[in-house]
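Let's take a walk through a protein together. Have the sequence and the 3D view open, and look up each part as we get to it.

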Amino acid sequence: MNFDFSDDQRLLQDAVRTMLADTSTSQAVREVLEGRASHSEAVWLNLIEMGAAAAAIPEQYGGAGLGYLELCLVAEEAGRHLAAVPLSSSFYLAAEAILRAGSDAQKQRWLPKIAGGELVATAALGSRERYRTPAPLAFDGATLTGTSPALVDGGIAGLAVLRVADELVLVDLAGAGVSRRPVPTLDPTRPLAALHFDRTPAERLPAADAATNAATVAARVLDGAAVLLAFEQVGGAARILEATRDYSLERKAFGRQIGSFQALKHRMAEIYTAIELARVHAYYGAWALSSDAPELPKAAAAARVSATRAYVVAAEEGIELHGGIGFTWEMDCHLHYRRARHLGQLIGSEHAWRACLADELIKEAA
């Protein structure tokens, strides 16, 4: 049996990789890092025009109508090239929540705008962290009041999907009573903002059927996002390993390439092993996501745990194996370290997802 992606899917991945190699350069990422841009606009427009960002949105709502497998490959390349774009906020989270819980009118109104890049969307659907208290928000059926403390791309978003108690609420951020405040973050290439609402007009996302509620929809969207983020993490980890390998073949010490030293070989082999383990789990998660399999919660948690660990290890070891130069601003090692730490906390930490995985395994055993 062939568990790999198809030739057509790999062609899409190659096209996205080529585009990102030309546009999502170190210079483009640093423009966002240093506050000269809110995101890499050229990269974002290309992902939209190619239909790559909207791969999983049905054609009837303005998307490419491809599927989640294609979006997984797009995510991998976005991670590899450190794309500073609102891919996760708009497509992994907000668009998915609208697809799964929105009315047909809401889907027809908002999804084409998201798919076409007309607006950026964001979402706060809760977290896998069990100790966190819900955001102080109140929804009275028509207006929203309160604060959402840390929304990814909240500074540029035109639409937000928020979980308020037992409801999912859709908010047009161009409406009255919305104020924004940037929030400092370890990775400014994926900026956060706190949004405050003062009787802002909002509407409920109705459940698709009586058996679906806000908690169920939010959990399903978070599981899907975990798989897609795992592909981003695998892509980033693979790239930092490649950069470390290339540097170790160029840098010489004691008259030899440092890559010839056994200690360095061992450390890079350990990084490679962690990445390939994460890749296997990510592939399992991609299958479960694309087939809507009941194994998705388990597969998503396993992918999330292994990919978070792989990217953090690769980023940390990459800095160390570059030696003194790896700690300098000129190298891209710190860009990957920032992104690894950011992605590792985005929808709950590695420890929170370990707890989810344990729960699923216990449930399966029972």
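What follows is a tour from the inside of the fold, through its strands, to its pockets. Keep in mind that this is a predicted model.

Let's start in the middle. The largest nonpolar core has 124 residues, and helix α7 gives the most to this core, with 17 residues. Which residues have the most contacts inside the core? They are Phe91 and Tyr92. If you click on Tyr92 and leave out residues up to four places away in sequence, you'll find that it touches Leu71, Ala75, Leu87, Val221, Ala225, Leu228, Leu229 and Glu232.

Now hop over to Ile114, which sits in helix α6, residues 104-115. Is Ile114 buried or exposed? Its relative accessible area is 0%, and anything under 20% counts as buried, so Ile114 is buried. Its contacts, again skipping residues up to four places away in sequence, include Phe91, which we just met, along with Ile48, Ser90 and Ala95. Ile98, Leu119, Ala121 and Leu159 touch Ile114 too. Here's a nice example of folding bringing in a residue from elsewhere in the sequence: Gly158 is 44 residues apart from Ile114 along the sequence, and their C-alpha atoms are 9.6 Å apart in space.

Next, the strands. Strand β2 covers residues 137-139, runs antiparallel to β3 and is joined to β3 by three bridges. One spot to look at is Leu137, which stands opposite Gly146 in β3. The two strands form a hairpin with three residues between them. In that turn you'll find Gly141, with a positive phi of about 100°. Strand β3 has another partner as well: seven bridges join it to β7, and these two strands also run antiparallel. There, Thr143 stands opposite Pro201 in β7. While you're looking at strands, here's a handy rule: in a regular strand the side chains alternate between the two faces of the sheet.

How do you find a pocket in the first place? Rolling a probe the size of a water molecule over the atoms shows where empty space is left. The largest pocket here holds about 830 Å³ of space. It is lined by 29 residues, and those nearest its centre are Ala124, Gly126, Ser127, Arg132 and Ala150. Strands β1, β3 and β4 are the elements that give two or more residues to this lining. Our hairpin strand β3 supplies the largest share, five residues. As for chemistry, the lining of the largest pocket divides into 19 nonpolar, six polar and four charged residues.

The second largest pocket has a volume of about 330 Å³. Its lining has 16 residues, with Leu82, Arg239, Ala243, Asp332 and His336 nearest the centre. Helices α2, α7 and α10 each supply at least two residues of this lining. By type, the lining of the second largest pocket has seven nonpolar, six polar and three charged residues.

Our last stop is α10, the helix at residues 333-343. How many of its eleven residues are buried? Nine are, which leaves this helix mostly covered. Among them is His336, which also lies near the centre of the second largest pocket's lining residues, being one of the five nearest that pocket's centre. The buried residues of α10 pack against α2, α4, β7, α7 and α9. That list brings back two elements from earlier: β7, the partner of β3, and α7, the top contributor to the core.

Note on methods
Residues numbered from 1 in each chain as written. Predicted model: local features only at pLDDT ≥ 70, side-chain atom pairs only at ≥ 80, totals over all residues. Heavy atoms only, no water. Buried < 20%, exposed > 50% of the residue type's maximum accessible area, 1.4 Å probe, protein only. Helix = DSSP H or I, 4+ residues; strand = E, 2+ residues; numbered from the N terminus. Contact = heavy atoms within 4.5 Å. 1 Å grid on protein atoms, 1.4 Å probe; cavity = no way out; pocket = protein on both sides within 12 Å on 5 of 7 lines; lining within 4 Å. Points joined across faces, edges and corners; volume = space filled by probe spheres on them. Nonpolar A, V, L, I, M, F, W, Y, C, P; charged D, E, K, R; others polar. Core = buried A, V, L, I, M, F, W, Y, C linked by side-chain atoms within 4.5 Å. Pairing = 2+ DSSP bridges.
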